[in-house]
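Student: I am new to this structure and should be grateful for a close look at a single part of it. Please take the place where the two chains meet, and explain how it is built.

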Amino acid sequence: MVRFLQEADISRWLLLLAPVLALAVNAGVQILAVRFQKGTNLFLSFGKGFLAGFLMLVILVLPVLAINGNGFQDGYVLGVLVNVPAYMALSFCYCNFVLLGRTSVRIRIYSEIVDTPEGVCLQDFLIEYDERALMKKRVERLIESRDIIEKNGRYYAGRSRFVHVARIIFLAKRMILGRESEFEMKNH
Amino acid sequence: MFVLLASLLLLAMAFGLHLALWRIRLPKRQIPALLCLFVAVFCASLATPFAWNNSLPNILHTALLYFSISLAYTGIYSGIEYDSPTLSLMHLLAKSGMNGVSCDEAHRILCERPFVRTRLDALIRSGLVAQKNGRYILAGKPSFLFRFILEYQKLYGPISPRG
């Protein structure tokens, strides 16, 4: 017989809801940081939101672990080994969701089509989203953040953070898609 | 322990199926297919005795961990499916090592990748946009998800210049 209808332990439900409540705090603090704290950029606000949410997670989980005497091992597994990765994954999803609206070319293109009932022709897109201008802006940002070093008309890799990410992503592309670029001919 | 082990097992099965199926035949719409796969694996697990003999909080907690990691992977997957200009450039620079890449060559290589056109093709493939008389128009009603993403941005103020 299914036992789930008999479960009524409030601490168990609190452990379940803790990552979701922590995410809500994360999102709230992040939005407030961007709107009302001068000098806070988006990535800094993500950091503040994440820490605030993590603090909420600790506040919700610790009392449950402290009270839960006999079931301590299970409580520890749920509170720490399950809830912490769940909260981190949810926070990552939230960051992606926010960044999509700010940097995704596809979403901006779609938004322009939605706002233009008579439609948009390709030429208008290519003028507005000039590939060269896009690339130039991206490179400028990377130079500013020292991810790229420009010297004597050549570019060199600077900080290694994006290099590591690129290596992992391109390895994943080879393993999953069998190619390194969406512009390559597929061989499988 | 059930929640942790069940989640890890389900994730392992889902990723294994993902790799196998993608090698057999690449889906046309990869991200929707990936999401369907994750949902299908979880739903299939609900039909097993392990689910029947467990409490609702345990099942929901398993779902929370499983789907949060699945969604996080799906978010990363768009970076695997499509070329990111930044990562493509960094990959190129990493391969070139101490030699570096000339500015002109880097710009040329990046501009050879028609990012805007592939995004338009992706929107057409997903049924959100149609082409008519040489113009791109909305196909059907605006996507709720895209609208939600854009509306959410209003909480932050104006979007920074393109790029």
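Tutor: What follows is a description of the contact between chain A and chain B in this predicted model.

The extent of the contact comes first. Chain A contributes 97 residues and chain B contributes 89 residues. Between them an area of about 8600 Å² is buried, and carbon and sulfur atoms supply 68% of that area. On the side of chain A, the residues that lose the most area to chain B are R106(A), Y110(A) and Y155(A), which together account for 9% of what that side buries. Among the elements of chain A, helix α3 (residues 72-103) gives the most to the side that touches chain B, with 19 residues. By residue type, this side of chain A consists of 58 nonpolar, 10 polar and 29 charged residues.

The polar links may be considered next. There are 17 residue pairs in polar contact between chain A and chain B, counting pairs with both residues at pLDDT 80 or more. The number of salt bridges between the two chains, by contrast, is 0. Over all chains, a search of the whole structure finds 1 salt bridge. That salt bridge joins D147(A) to R161(A), with the closest N and O atoms 2.8 Å apart. D147(A) belongs to the loop between α6 (131-144) and β2 of chain A, whereas R161(A) belongs to helix α7 (residues 161-177) of chain A; the two residues are 14 residues apart.

The chains also share strands. One open sheet of 3 strands has the order β2(A)-β3(A)-β1(B), and its pairing is antiparallel. In this sheet, β2 of chain A and β1 of chain B stand at the edges with a single partner strand each, so one side of each has no neighbour in the sheet. Within chain A, strand β2 (residues 148-151) is joined to β3(A) by 4 bridges. One of the bridge partnerships here links K151(A) with R154(A) in β3(A). The hairpin formed by β2(A) and β3(A) has 2 residues between the strands, and N152(A) takes a positive phi near 50 degrees there. Across the chain boundary, strand β3 (residues 154-157) of chain A pairs with strand β1 (residues 101-102) of chain B over 2 bridges, in the antiparallel sense. Y155(A) has V101(B) as its bridge partner in β1(B); Y155(A) is also among the residues of chain A that lose the most area to chain B. Helix α5 (residues 85-96) of chain B lies across the strands of this sheet, β2 and β3 of chain A together with β1 of chain B, and runs at about 90 degrees to β3(A).

A further open sheet of 3 strands takes the order β1(A)-β3(B)-β2(B), again with antiparallel pairing. Its edges are β1 (120-121) of chain A and β2 (129-132) of chain B; each has a single partner strand, so one side of each is left without a neighbour in the sheet. β2(B) is connected by 4 bridges to strand β3 (residues 135-138) of chain B, and A130(B) has I137(B) as its bridge partner in β3(B). Helix α4 (residues 105-115) of chain A lies across β1 of chain A together with β2 and β3 of chain B, at about 80 degrees to β3(B).

Notes: Residues numbered from 1 in each chain as written. Chains lettered and ligands numbered in written order. Predicted model: local features only at pLDDT ≥ 70, side-chain atom pairs only at ≥ 80, totals over all residues. Heavy atoms only, no water. Contact = heavy atoms within 4.5 Å. Buried area = accessible area lost by both parts, 1.4 Å probe. Salt bridge = Lys/Arg side-chain N within 4 Å of Asp/Glu carboxyl O. Polar contact = N/O pair within 3.5 Å; in protein donor to acceptor, adjacent residues only side chain to side chain. Nonpolar A, V, L, I, M, F, W, Y, C, P; charged D, E, K, R; others polar. Pairing = 2+ DSSP bridges. Axes fitted to C-alpha atoms, helices over the stretch in contact; angles between N-to-C directions.
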